[in-house]
Amino acid sequence: MSAGQPPFDSPEISRLTPVLGPGHTYSSVTDKISAIVLTRPTSLGWYIGFLLAFSVFGVLNIAIGWLIMKGVGIWGINIPIGWGFAIVNFVWWIGIGHAGTLISAILFLLNQKWRTSINRFAEAMTLFAVACAGIFPLIHTGRPWYAFWMFPYPSVMGIWPQFRSPLIWDVFAVSTYGTVSLLFWFVGLIPDLATLRDRSTTKAKQIIYGMLAMGWRGSARHWHRYQSAYLLLAGLATPLVLSVHTVVSFDFSIAIVPGWHTTIFPPYFVAGAIYSGFAMVITIAIPLRKAYGLEDFITMRHLENMAKVMLATGLIVAYGYFFEFFMSLYSGNKFDVFLVHQRLHGPYAPFYYALILCNILIPQLLWFQKMRTNVVVLFLMSIVVNVGMWLERFVIIVISLTRDFMPSAWGRYSPTIWDWATFIGTMGMFVMLIFLFVRVLPAISIAEMRELVTETSEEHK
Amino acid sequence: MIARRSHIYGVIGEFEKPEQLVHAAVKIREAGYRYYESYTPFPVEGLPEAMGMRRNMVPLITLLGGLVGGLGGFGFQYWANVYSYPMNIAGRPLNSWPAFIPVTFELTILCAALSAVLGMLALNGLPQPHHPIFNAHRFTHASADRFFVCIQARDKKFQLADTARFLQGLSAHHVSEVHDD
């Protein structure tokens, strides 16, 4: 085999498809990415999109306001279904956040170059998703103004939180996750904020970006420590991201409710989180690259790789479903067997079948490269997976709680308009934050793209 | 109004390619300069070694932060459950340590991450609103597409004209002096 010849020759997209379009220099990547924030006029589409999202965010505020006035009775929750939408949505949002950390931390440690142009907005997505997730357990307490009771502080009551409870583990896991994601994101932003400071033309922008950049001047000694800190943060975020959904799954698996009390929950929750997170990254990346002409930076290679991760984690999730099923039947525990029956034939069976369709059957199309490289198919697929993952949490929570041990304690659950308003409201908040983010901060890491320019130019030598 | 006397901070030179800067950094060091600094738009591979930098303190600070978080987190839960408010639940041990692990783990990560970031910023002396290097002509390119090296006036070997000529000899562009204020 002659030198420079690829070891294999797959059509269209191969390992040699660039992660960066050809012909880019340090100044061209700097110009192109910073222009989105600094010089490009705000488009009409941005205003329309932002206003739409902002109005939906208004719906969230009304729903929360009404909730605080009236209490959780405005929701569809009851006894025995005390969790309902609030916890379904909490688990869904927190899962979505996981892809951001996976891309920024785990792929960084694995030295995957293709992460570079997607890590920044994936991390932003993590932060916004965690913010949406955090709202739900807070307002689900019924009296959110007492939420600080969950933290251990010396109080006149003289007692401490119950550290043996998964719900307190959740408080620590989610707040740590939010904090570390914010740190990771901000540290990554510092050099880019300095770039924006140096390229701003108005005094106000110079001052704001200048303050945020904290006087970063790109000194070699600073970079040296910066790289150590960034690598360490990646190393710390990696076990953290795996722990967060593990702890979330403990909320269920530590309980003895049929369908929840299984040891497969932690790994399959983590896989499901990454699955839905990558789906959400694809949902955001496709319109973003189109709207701002970033096809050179977010190439088909990125989209295809993300589709592959989605396929792989989807298969792990399918394996989880299968073994959940198998263990229930194999255990011979009559409550577990009955739960399987309820999933297949009970009143909520349509949701279970929809879940299998969305999460297992439809994503099998991703085996075909034609599907993985078709932007429209990929976009629709990512929506389907997000719906499927939401259904998964609905099935886990509602079917188990409506059909536990005693028939006299069985119940039914249906969400009210306020449940929907809160859920859709958080989507509005999420989209609104994404819109603000792409307008005021560089959606792609400029400093890392410059490194990529050096690396790709070395490859072509 | 009395015009303040302007001091010289150093002499700055500019390169187009990172390899040129690494090469120059080695030469500057070999020439006996000790107080000089490079400014680059991204971390350049091989530059820390070329400038004679050794390991930094960030990993140690992170380790200490993690230890404080982990031991403190477990210690606090132990104290709260064994001494401060012991609750005998069906005769189970007060120090039910496996149940304390998740919070201990999260606090380890939290404190280690905070120490890594705050330690890095503190060692770098950031936030620092102003620095003489920002007076340098064309320095805005240091955050975009150019690679700078600045030899500082406090270096014993520093002689304005000689040092400037030395930098030009290393084929640096736009060699100019940087003022202190």
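The legends below accompany several close-up views of a predicted model with chains A and B.

**Figure 1. Chain A as a whole: helices and no strands.** Let us start with chain A, which has 15 helices and zero strands. Its radius of gyration is 23 Å, close to the 23 Å that the globule rule gives for 461 residues, so chain A is as compact as a globular protein of that length. If you are setting up a box around the chain, its C-alpha atoms fill roughly 75 × 60 × 40 Å along the principal axes. Buried residues make up 47% of the 461 in chain A. How much of the contact map joins residues at least 24 apart? In chain A, the share is 82% of the contacts between residues at least 6 apart in sequence.

**Figure 2. Chain B as a whole: helices and strands in one chain.** Chain B combines five helices with four strands. Followed along the sequence, these elements give the pattern β-α-β-α-α-α-β-α-β. What is the radius of gyration of chain B beside that of a compact globule of 181 residues? The globule would have a value near 16 Å, whereas chain B has 25 Å. The C-alpha trace of chain B spans about 85 × 45 × 30 Å along its principal axes. Of its 181 residues, 41% count as buried. Among contacts in chain B with a separation of 6 or more, 81% are between residues 24 or more positions apart.

**Figure 3. The side of chain B that touches chain A.** Here the view moves to the place where the two chains meet: 49 residues of chain B are in contact with 46 residues of chain A. On the chain B side, β2 (36-39), α2 (47-50), α3 (58-84) and α4 (101-124) each supply at least two residues. Which element gives the largest share? That is α4(B), with 14 residues. Sorted by class, this side of chain B has 33 nonpolar, 13 polar and three charged residues.

**Figure 4. Helices α10 and α13 of chain A where they cross.** This close-up shows α10 (residues 334-345) and α13 (residues 375-402) of chain A, whose axes come within 10 Å and cross at roughly 115°. The crossing of α10(A) past α13(A) is right-handed. Which residues meet there? From α10(A) come A:Leu339, A:Gln342 and A:Arg343, and from α13(A) come A:Val395, A:Ile399 and A:Ser400. By class, the residues of this contact are three nonpolar, two polar and one charged.

**Figure 5. The surroundings of A:Ile118.** A:Ile118 sits in helix α4 (residues 116-140) of chain A. Is this residue buried or exposed? A:Ile118 is buried, because 31 other C-beta atoms lie within 10 Å, and the cut-off for a buried residue is 20 or more. Beyond its neighbours within four places in sequence, A:Ile118 is in contact with A:Ile103, A:Val281, A:Ala285, A:Ile298 and A:His302. For a sense of scale, the C-alpha atoms of A:Ile118 and A:Ala273 are 18 Å apart in space, and the two residues are 155 apart in sequence.

**Figure 6. B:Pro18 and its contacts in both chains.** B:Pro18 belongs to helix α1 (residues 18-30) of chain B. It counts as buried because it has 22 C-beta neighbours inside 10 Å. What does B:Pro18 touch, not counting residues up to four places away in sequence? From chain A there is A:Thr454, and from chain B there are B:Thr40, B:Val44 and B:Phe147. The C-alpha atoms of B:Pro18 and B:Pro43 are separated by 9.5 Å, with the two residues 25 apart along the chain.

**Figure 7. Confidence across the model.** Before you take these views further, here are the scores: the model has ipTM 0.91 and pTM 0.89. Chain A has a mean pLDDT of 88, with 95% of its residues at 70 or more, and chain B averages 87, with 97% of its residues at or above 70. Which elements of chain A have the lowest and highest mean pLDDT? The lowest, 77, belongs to helix α15 (residues 446-459) of chain A, and the highest, 94, to helix α2 (residues 44-70) of chain A. Over residues 1-13 of chain A, pLDDT stays under 50, and the model has eight contacts beyond four places in sequence for this stretch. Where pLDDT is low, the predicted coordinates should not be read in detail.

Conventions
Residues numbered from 1 in each chain as written. Chains lettered and ligands numbered in written order. Predicted model: local features only at pLDDT ≥ 70, side-chain atom pairs only at ≥ 80, totals over all residues. Contact = placed C-beta atoms within 7 Å. Nonpolar A, V, L, I, M, F, W, Y, C, P; charged D, E, K, R; others polar. Rg over C-alpha atoms; globule rule 2.2 N^0.38 Å. Buried ≥ 20, exposed ≤ 12 C-beta atoms within 10 Å, placed from the backbone. Axes fitted to C-alpha atoms, helices over the stretch in contact; angles between N-to-C directions. Left-handed = near helix turned anticlockwise from the far one by under 90°. pLDDT = per-residue confidence, 0-100.
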